[in-house]
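User: I am new to this structure and would be grateful for a close look at one part of it. Please take the salt bridges as the subject, and set them in the context of the chain around them.

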Amino acid sequence: MNQLWRDELTEDEADLLIAKASQEIRKRKMEVPAILFLEMHKPLGYIASQAMITFAPFLVPFIGFDNLNNWSRLAANRRNIERLIDQIAQPQMESLTPMESAT
């Protein structure tokens, strides 16, 4: 168990988690609140990842050990938070482009 949080996420694992999170956010039409939340709490990402590890005994029954491990490693890197924000905002930026060209 000590070995699990030592390894960082690979790019493929991070891409998969970011795509999954952005898809769930878009499915619920929560793009704007999610972007605002992530931008406001970006500096606290590492602290949040450590809190997930601290509260693992209470969180694992609800979300599973592998999910907790992956999401805590994702939140530990600020670059991943930036990538998630970009992934969430990407479809909105594409939808604004045709409107701008029509005016």
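Analyst: The account below begins with the chain as a whole, turns to the salt bridges, and ends with the surroundings of those pairs.

The model is predicted. Its chain holds six helices and zero strands, so that, by the way helices and strands are assigned, the elements read α-α-α-α-α-α from the N terminus on. Buried residues make up 26% of the 103 residues in the chain. The accessible surface comes to about 7300 Å², and carbon and sulfur atoms account for 62% of that surface. Among contacts with a separation of 6 or more, 80% are between residues 24 or more positions apart.

Side chains of opposite charge can pair when their charged atoms come close. A search of the whole structure finds seven salt bridges, and three of the pairs are described here in turn.

One of the salt bridges joins the side chains of Arg83 and Glu11, with a distance of 3.3 Å from N to O. Arg83 belongs to helix H6 and Glu11 to helix H1, so this pair ties together parts of the chain that are 72 residues apart in sequence. Glu11 counts as partly exposed because its relative accessibility is 40%, a value between the limits of 20% and 50%. The pair also belongs to a wider arrangement: Glu11, Asp15, Arg79 and Arg83 are linked in a network of salt bridges. Asp15, another member of this network, lies in helix H1 and is partly exposed because its relative accessibility is 37%.

A second salt bridge is found between Lys27 and Glu24, whose closest N and O atoms are 3.4 Å apart. Both residues lie in helix H1, three residues apart, which is about one turn of the helix. The two partners fall into separate classes of exposure: Lys27 is exposed, at a relative accessible area of 56%, whereas Glu24 is partly exposed, at 30%.

A third salt bridge is formed by Glu82 and Lys42, with 2.2 Å between the closest N and O atoms. This pair links distant parts of the chain, 40 residues apart: Glu82 is in helix H6, while Lys42 is in the loop between H2 and H3. Glu82 is partly exposed, with a relative accessible area of 29%. Lys42 counts as buried because its relative accessibility is 14%, which is under the 20% limit.

The nonpolar residues give the context for these charged pairs. In soluble globular proteins, nonpolar side chains tend to be buried together. The largest nonpolar core in this model has 15 residues, and those that touch the most other members are Leu9, Ile35, Leu38, Leu74, Leu84, Ile85 and Ile88. Helix H1 (11–27), helix H2 (31–41) and helix H6 (78–102) each supply at least two residues of the core. Helices H1 and H6 are thus present in both accounts, because Glu11 lies in H1 and Arg83 in H6.

Leu74 connects the core to the description of helix H1. With residues up to four places away in sequence left out, Leu74 touches Leu9, Ala14, Leu17, Ile18 and Asn80. The C-alpha atoms of Leu74 and Asp15 are 9.8 Å apart, although the two residues are 59 positions apart in sequence.

Asn69 offers a further example of a buried residue. It has its place in helix H5 (residues 65–75), and Asn69 is buried because its relative accessible area is 6%, under the 20% limit. The C-alpha atoms of Asn69 and Met52 are separated by 8.5 Å, and the two residues are 17 apart along the chain.

Nonpolar residues also appear on the surface. Phe55, Phe58, Leu59, Phe62 and Ile63 form a nonpolar patch there, with about 560 Å² of accessible area together. Phe55 is found in the loop between helix H3 (45–54) and helix H4 (56–63) and is partly exposed, at a relative accessible area of 45%.

Lys29 completes the picture of the loops. This residue is in the loop between H1 and H2, and it is exposed because its relative accessibility is 65%, over the 50% limit. Lys29 has a positive phi of about 60 degrees although it is not a glycine.

Definitions and conventions. Residues are numbered from 1 along each chain as its sequence is written. This is a predicted model: local features need pLDDT of at least 70, side-chain atom pairs count only at pLDDT 80 or more; totals for chains, interfaces and linings use all residues. Side-chain values use heavy atoms; hydrogens and water are left out. Helices (H or I, at least four residues) and strands (E, at least two) are DSSP runs, numbered from the N terminus. Buried means under 20% relative accessible area, exposed over 50%, partly exposed in between (1.4 Å probe, protein chains only). A nonpolar core is a set of buried Ala, Val, Leu, Ile, Met, Phe, Trp, Tyr and Cys residues joined through side-chain atoms within 4.5 Å. Contact means heavy atoms within 4.5 Å. Patches are made of residues with over 30% relative accessible area and no salt bridge: like charges are joined within 9 Å, nonpolar side chains (Val, Leu, Ile, Met, Phe, Trp, Tyr) within 5 Å. Accessible areas come from the Shrake-Rupley method with a 1.4 Å probe; for residues, only the protein chains shown count as cover. A salt bridge is a side-chain nitrogen of Lys or Arg within 4 Å of a carboxyl oxygen of Asp or Glu.
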